[in-house]
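Which charged side chains pair up in this protein, and where do the partners lie? The report below takes up these points in turn.

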Amino acid sequence: MGATRRAFATALGLVVAAAVAGADEPSGSDEPWVRVLLHSGGEPVRVGSSALRPGPDGLVLQGPNATGRWIAPGSEGFEGVRYRGRLVVRRTADGLAVVNEVPLERYVEGILLREVYPGWDAAVLRAQAVVARTYALYRRSRSRPERPWDLTAADDSQVYGGIAAEAPEARRAVAATRSEVLIFEGRPILAAYHSASGGRTASAQEVWGRAVPYLVSVPVDGEEVSPDTYWRISVSTATLGRALTGLGWSVGRVEDLRIAERSKSGRVRRVAVRGKDGSAEISGRDLRRAAGGLPSTLFEVRRDDDGYLFVGSGHGHGVGMSQWGARAMAQRGASYREILAKFYPGVRLRKQWGAGEEL
């Protein structure tokens, strides 16, 4: 089959192919949209019925219907997954970036049940909807002009599944909290969250080195049913040594490993490592990565036959809302507003569009 090819370029060398989703575009609404990165790389991609690849002068469309103006609704899909809103493809230094531009409420519907279980109490789903919406607006407010997206679709932002991830439980939770956002000093907060705290959340200061008034350490009850309440992971000395070398510490085969400092919430802040070829003191976060991605930095370490045994609790960075802690609160009768007040003390809940009243 002969392919029609045409390259497009702006003055900045970026080519945009926008998929316009007419029915998804809000009419007379001030609801914000967010931009979600679905793909970035040099390989060809398929968006709807069109194949696209990066060319030397911009974006190249391949196929019999390629024209100077490529239009496709987001519902036609990217790599087999359909989305609300529209799809935008840009030429980047690395190849192509495929971005879903989507109304915020539809975005939240597409991530909610990728972050919490559908069978959890309505109060947890509503709390998660508010937190996810707030986090998206926080990231949107800090977008850089040179980067054509606000969030990614993976767990380094929020896990986003498009239309396939939507469900009645998600739609009800989003509708019940429509436009509700957590606000501090007039702006959306950094609504951090994690799976399980291990009994106490961490402050932003101890994890990221920056104090945030509403991200402080609070006790958490009722996480015992979490699969990460208690975990054990064994790592050989050779594996640990190679991983540390990959992170920039060439200590060789690890001969001794001990916790040098803990944070106020009990998480490992610094670890002293002695190896066959040298010694180093590294952060608990770096050791977590070197040990193959430990669930959290709330752990003890012991020597075993072949290396080191890490015994710990919790999952995630520990800052902000514990999802399993929120579930426990809901089971005890707490409302979603009480859950939010617990994990983000001192913030306000406000409708950001529509009526715009404080709650």
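What follows is an account of salt bridges in a predicted model.

Across the whole structure, a search finds 15 salt bridges. Three of them are set out here, with the N to O distance given for each pair.

| Salt bridge | Closest N to O distance |
|---|---|
| Glu31 and Arg178 | 3.3 Å |
| Glu180 and Lys351 | 4.0 Å |
| Arg269 and Glu261 | 3.2 Å |

In the salt bridge between Glu31 and Arg178, the closest N and O atoms are 3.3 Å apart. Because Glu31 sits in the loop between strand E2 (16-18) and strand E3 (33-41), while Arg178 belongs to the loop between helix H3 (168-176) and strand E10 (180-184), the pair ties together parts that are 147 residues apart in sequence. Glu31 counts as buried at 11% relative accessibility, whereas Arg178 is partly exposed, its relative accessible area being 35%.

The side chains of Glu180 and Lys351 also meet in a salt bridge, with an N to O distance of 4.0 Å. Glu180 lies in strand E10 and Lys351 in strand E20 (residues 348-351), so this pair ties together parts that are 171 residues apart in sequence. Glu180 is buried, with a relative accessible area of 3%, and Lys351 is buried as well, with a relative accessible area of 18%.

Arg269 and Glu261 form a further salt bridge, in which the closest N and O atoms are 3.2 Å apart. Arg269 is partly exposed at 32% relative accessibility, and Glu261 is likewise partly exposed, at 26%. Both residues belong to a network of salt bridges that links Glu261, Arg269, Arg270 and Glu281.

Note on methods: Residues numbered from 1 in each chain as written. Predicted model: local features only at pLDDT ≥ 70, side-chain atom pairs only at ≥ 80, totals over all residues. Heavy atoms only, no water. Helix = DSSP H or I, 4+ residues; strand = E, 2+ residues; numbered from the N terminus. Buried < 20%, exposed > 50% of the residue type's maximum accessible area, 1.4 Å probe, protein only.
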